[in-house]
Structure formats: C-alpha cells, structure tokens
Amino acid sequence: MSLLKNLKSTASLLALCFVGATTSISAANANDLKGDQIRAITAPHTDQALQLYHDILSLPNDTFYQDDIAKLVTFLDNEFKARSFETQVLDTGGSPLLYATRMVPNASKTALIYLQADGQPTDPSLWFQESPYKPVLKEQQADGSWTIIDWDNLKREKNPDWRIFARSASDSKGPVTQFLMALSALDAAGLAPGYNLKVVVDTEEENGSPHLPGAVETYKDLLAADMLLIFDGPPHSSNAPTLKFGARGIATITLKAYGPILPQHSGHYGNYAPNPAFALTKMLGSMKDMNGRITIPGFYDGITISEETKKILEAVPDDINAIHDHLQIAKPDSVAESLQLAVQYPSLNIRGLQSLKVGNEVRTLVPAEAIAEIDIRLVKESNPERLISLVKNHIEGLGYNVIDHDPSKEERMSLPHLVKFTSIISYGAYRTPFDAEPGLLTRQAMKDLYGEEPILIRTSGGSIPISPFVETLGIPAVGIPTVNIDNNQHAPNENIRLGNFIEGIAIAASVLLQNPPE
C-alpha cells in the first residue's frame, strides 16, 4: 500500500473546481479567511494554472545548457511582470538568479521568497513517455502501472489521483507555478499579500548552487528582508500538511584510486598490477560498520539531542512499517533510534562508483582507475571542513598516499597506494525555531486552511541552499512543502499528483494572505 494518502480537503477542493466557485471578500477580512473560503478564491483559476504549468514544464531546464536556462528565465520574467513585479536578472558568475519585487501598500514587513527553476539532467530513454519535457497526464491501473491519457481530460474532470509526469514536475516547477497562480487568484479577488515580496528564482540548485553564497553576499542589500519563505519539496510521508524548519547542508568528495596507466589483461597482469577497485572498496568499506554507523572517529561529535528535542521529533507521525515496506528493507542503519532522529546527524553516502564495465560490457581487465563520488549531509552543528579532514585523515591512516591532482609518471612510479582526494563545500545547514516569525506566520496559514496545527519538521533530510541567505542576511527561514512525497524527484518519470498540485495553490494563497505577527 502506498505511503500517500489523500489530503483531507481534496474532495471539497475539486468540487469547487468544477462549479467555478467565486467569492466576494473584502480586503479588510482577508486575514480571517478559512479552509474552503481560501480554496474558493483559488479554485476558479485551476484551468489557467494547469495551462501555465504545462507551458513551464515544456521548457528544458538543465543548468548545463545555459541557452535553455536563458529561455526559461525570460519566460518566468514575463510571468512575474504580468503579476505586477519589477524584475532583474542577477549575474552570479554562473547560472543567473531571477529577482522579482512587489511592494504592498502599508505593509510593515518583507518576505524573501525562494523558488527553484532548474532540474536534474535527464536520460530520455528511461522515461515512459516521448520526452521528459513534454508533460503527460497519466492514470494508474489496477496492476500499479501508469497509462497516458489525453490531457484534454482535465477540461472535463479532475481526478485528484491522476498524475502529471515531466522533469521538474515536483522539483520544483510545481511550486513555482503554484506560487504564481496563488498571486493571480488573490489579484483577481482584489486581495493583497500581507507583506512585501522579494522573490529569488535559483537556476542551478540541482548543481549545488555553487555561485549562490557569493551572489547573496554581493546582493545582500538588495535581498534584505525580515524572513525567508521556501516553496520547495515534499511534505511528511503521510502527505499531511507540513512545515520544515531546517535542512541539512551538503559537501562532496571525489576519490580516485590508480592502477596501471591503461587497463591490462587480467590473465597477463592479474596478481601483479595493482587493482584500484580493491583499493577504493577497502577505503569505502572501512568508513562504516555492518550496522551503517560511520566508524571515522569524531564524525558524530558535537551532536546533542535534548529531551525537549526528542519530544519534538517523536511528535512527527512516521509509520515505520510503511516506510520499510516502501523502501523494501529489513532494517535501517543504526545511527539513531528513528528516522527523525537519524537526520539530526551528519551522513556519509556513496552516490556513485565507476571502474570499467558490468553486465554485457564486462571485460577481463585490471582497471586503470576507480572513482567514488561521496556526499556528506551536514547538520547545523557540522563544520564541513572538519568532516572532510576527518575523511581524508582516515584514508591516510589506512596507508594511502593522498594527493589533490592526477599523478605524474614520477609520482605513479614512486608512490604506491595513490588516491586523489578532492572536495567541494556547497552550503551549510540551517535550522529555525518553531516560534520564529516565519514559523508563526506559516503555522497560522496552515491552521487557517486545515483547522489544525501542521506537522512540524525540525530538520529535513534533503539539502537546499538556504544557509547563505540565513547567515548573510541574518533572517529566519521556513520551508512550505506543496507536492506529493512519492514524486520520483531527481529520477526518471518524475511526477506530481493532481490533487497536490491544486491544493498547493491554496496553501500558497493562505501563506500569502497572512499578516506577519507583531
């Protein structure tokens, strides 16, 4: 059984979509709107939202193809201008940032909004449709498979369990479209946001946003705000309304071990030419024990979980049996007693391995090199330089000669057990108190829409480039998830559930309608 469950409001929301509901609400009582009153504002714009979404999804958005990114930025620039924003394209030295501002009369506070427009690279051969950039509507069959159905079905009905498949459907063109259409709906109803808006659209998030920290420093006066709101990512696995108050940062390491200068016949040189794959696997295997705990001394140092924090983490309603069924695992790594507790610690993950070929392309060769790509997920207490140094020192302690460049012939012939070690620190972690200004604002927005407190996530496991804003601008940040958890983000056949897409517009509208707490 899927982890996904319907949002409580799906039925009433879709009913509103069909009847073309309208509402007459004055600006004076806009902050008092609840539940279906908010949905009554957004629902009449569902068809327009789906058309805009289709158009945005049809634009390729791989950061490595800057001509495509330029077209996407131009498209979004026009969409923001159509909603009374003033816009600029900010040079970062890499992929640009789109910056848009909209001042609200008599507003006392300003929110910086973070949106992401780029997507992971795609291999079209792994997608069950013509192209990842040609969005399709699909319906699930009894056997669990998905079948393409005519997009025009959306003009006649809107089954909340239908899904739209395309690259960045959830990560993160869905949230971009939801935010834009929430503003359109408020404008059509004669309602204004409760605060000034400054929007940053990141176009290289999936590449680690390497130029973002420098750009935030360069443009810090332009970006100055009272708080940061992040429309990105999925909610808790229950699909219930969720807010995220932190995210892990990320650093990466690349290891390359060396054997003969060229691959050699394993019959002629096996037992003689050192095999770099064995060297690499020895290094990697020594970093964790059989229970998945990192064995590098000091890696978990500095992490303390108070009893109060444990209560916060225990309040998150994880269904462990359902999670294990979804992952099809017998037992989790033993870093901590629960999923929520485990993501409070830094992690060490092998994200890629390469050494010659497998399957039908396998050859009886001693490889020339073996490469491992590692990511370290950072928590607020992490010092990334320290963790990287711990990994490097560990490898040296195993007897390897660690260098930071491809070796010369002289080095290859004089230094045994060579390994090249390079690293990148993308950005750190952030964490905001639940009662900080954006926390109170977004919690009230969720209570207005759903009638109860949302699930509060102290730290999410994934990484988003928020710490440069938090640290440089000195503002608190909260993430507002609006997509389904089982969306295949980063993978082939990424999708969004139709009910989540439509409901996400109402979530964004409820957040925008809030007056910041005094």
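I'll start with one residue: Gln328, right after helix α11, has a positive phi of about 55 degrees. The structure is a predicted model, so keep that in mind for everything that follows.

Staying with α11, the helix covers residues 320–327, and its buried residues are Ala322, Ile323 and His324. What do those buried residues pack against? They pack against α12, residues 339–342.

Now to the other backbone outliers. Most residues other than glycine have a negative phi, and most peptide bonds are trans. With that as background, look at the loop between β6 and α5. Ser168 sits in that loop, and its phi is positive, near 70 degrees. Is Ser168 buried or exposed? Ser168 is buried, at a relative accessible area of 0%.

Ser172 belongs to the loop between β6, residues 163–165, and α5, residues 173–188. The peptide bond between Asp171 and Ser172 is cis, with omega at about 10 degrees.

One more positive phi is at Asn488, about 60 degrees, and this residue is not a glycine either. Where is Asn488? It is in the loop between β20, residues 477–479, and β21, residues 495–497. Asn488 is partly exposed, with a relative accessible area of 38%.

Next, the whole chain. The protein has 17 helices and 21 strands. Its radius of gyration is 25 Å, and the globule rule gives 24 Å for 518 residues, so the protein is as compact as a globular protein of that length. Along the principal axes, the C-alpha atoms fill a box of roughly 80 × 50 × 45 Å.

Of the 518 residues, 54% count as buried. Among contacts with a separation of 6 or more, 80% are between residues 24 or more positions apart.

On the surface, the exposed area is about 22,900 Å², and carbon and sulfur atoms supply 51% of that. As for charge, there are 43 positive and 61 negative charges, and their mean positions are 3 Å apart.

Last, confidence. The mean pLDDT is 93, and 94% of residues reach 70 or more. Which stretches stay under 50? One is residues 1–6, where the model has 17 contacts beyond four places in sequence. Another is residues 18–24, with 10 such contacts.

That is what I have on this model.

Terms used: Residues numbered from 1 in each chain as written. Predicted model: local features only at pLDDT ≥ 70, side-chain atom pairs only at ≥ 80, totals over all residues. Heavy atoms only, no water. Helix = DSSP H or I, 4+ residues; strand = E, 2+ residues; numbered from the N terminus. Rg over C-alpha atoms; globule rule 2.2 N^0.38 Å. Buried < 20%, exposed > 50% of the residue type's maximum accessible area, 1.4 Å probe, protein only. Contact = heavy atoms within 4.5 Å. Areas by Shrake-Rupley, 256 points an atom, 1.4 Å probe, with all protein chains shown as cover. Lys, Arg positive; Asp, Glu negative; His and termini not counted. Charge placed at Lys NZ, Arg CZ, Asp CG, Glu CD. pLDDT = per-residue confidence, 0-100.
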